[in-house]
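This report describes the fold, the nonpolar core and one helix packing of a protein. The sequence and the structure are shown first.

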Amino acid sequence: MPKVTTIITAGLAAAFAVSVLGLSPAFSSSLDQGKKEFTTYCASCHGLSGTGDGPVAPELNKKPIDLTAFADKAGGVFSRDKVKKMIDGREMPRAHGTPQMPVWGQWFSYQATAGGLLQEDRQAIIKEVNDRLDSLIIYIESIQK
Ligand code: HEC
């Protein structure tokens, strides 16, 4: 699927360029930050609405899941912890084992080092990855139907 790969590679290359040039903003966990992360990294597949209708979705073998349905499926309860682990992906192997949903925890920590944080500065890397995942969670919680 060259098209999908091209789109994703271009996006990641742009993000990488921004981070090595030192233009990446300081991260903190907020709804605003989450919306930005979502638009940049998730909307291509999951759609701006989060329902799974992104422009890349038809090219994938697996349909991106509806990210607005977590609470609805769990009797109105949104489990921040569970969804965060799913997005992080480092601890929880993908439920259905497809390589199409990136392992975001790994990507965000890679970006933290590309952005200038040294491997030995583990606390700072962990904080940056956490803030970005938390921001996504705040945003995804805000779009539950
Ligand atoms: C390249 C396309 C693509 C991108 C980009 C993408 N996803 Fe996914 N996502 C998928 C697919 C496909 C699935 C279905 C999971 C599977 O079966 O592997 C999925 C599944 C998920 C799941 C459920 C995972 C599980 O363990 O069941 C969550 C949560 C999720 N995505 C959140 C996100 C978030 C948040 C972002 C942005 C940071 C994102 N996705 C970006 C394609 C993508």
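How many helices and how many strands does the protein have? The predicted model contains 6 helices and 0 strands, and the order along the sequence is α-α-α-α-α-α.

**Overall character**

Of the 145 residues of the protein, 37% count as buried. The exposed area is about 8,500 Å², of which carbon and sulfur atoms supply 60%. Among contacts between residues at least 6 apart in sequence, 53% join residues at least 24 apart.

**Nonpolar core**

The largest nonpolar core has 22 residues, and the members that touch the most others are Phe38, Phe78, Ile87, Phe108 and Ile140. Each helix in the table supplies at least two residues of this core.

| Helix | Residue range |
|---|---|
| H2 | residues 31-46 |
| H3 | residues 70-73 |
| H4 | residues 80-88 |
| H5 | residues 104-114 |
| H6 | residues 122-142 |

The largest share, 7 residues, comes from H6. Leaving aside residues up to four places away in sequence, Ile140 touches Phe38, Leu67, Phe70, Phe78 and Ile87.

**Packing of H4 and H6**

The axes of H4 and H6 come within 10 Å and cross at roughly 120 degrees. Because of this angle, H4 is oblique to H6. The crossing of H4 past H6 is right-handed. On the H4 side, the contact is made by Arg80, Val83, Lys84, Ile87 and Asp88. H6 contributes Asn130, Leu133, Asp134, Leu136, Ile137, Ile138, Ile140 and Glu141. Ile87 and Ile140 thus appear both in this helix contact and among the core residues that touch the most other members.

Definitions and conventions. Residues are numbered from 1 along each chain as its sequence is written. This is a predicted model: local features need pLDDT of at least 70, side-chain atom pairs count only at pLDDT 80 or more; totals for chains, interfaces and linings use all residues. Side-chain values use heavy atoms; hydrogens and water are left out. A nonpolar core is a set of buried Ala, Val, Leu, Ile, Met, Phe, Trp, Tyr and Cys residues joined through side-chain atoms within 4.5 Å. Buried means under 20% relative accessible area, exposed over 50%, partly exposed in between (1.4 Å probe, protein chains only). Helices (H or I, at least four residues) and strands (E, at least two) are DSSP runs, numbered from the N terminus. Contact means heavy atoms within 4.5 Å. Accessible areas come from the Shrake-Rupley method with a 1.4 Å probe; for residues, only the protein chains shown count as cover. Axes are lines fitted to C-alpha atoms, for helices over the stretch in contact, and angles run from 0 to 180 degrees between N-to-C directions. Angles under 35 degrees count as roughly parallel, over 145 as roughly antiparallel, 65 to 115 as roughly perpendicular and the rest as oblique. A crossing is left-handed if the near helix is turned anticlockwise from the far one by less than a right angle, and right-handed if clockwise.
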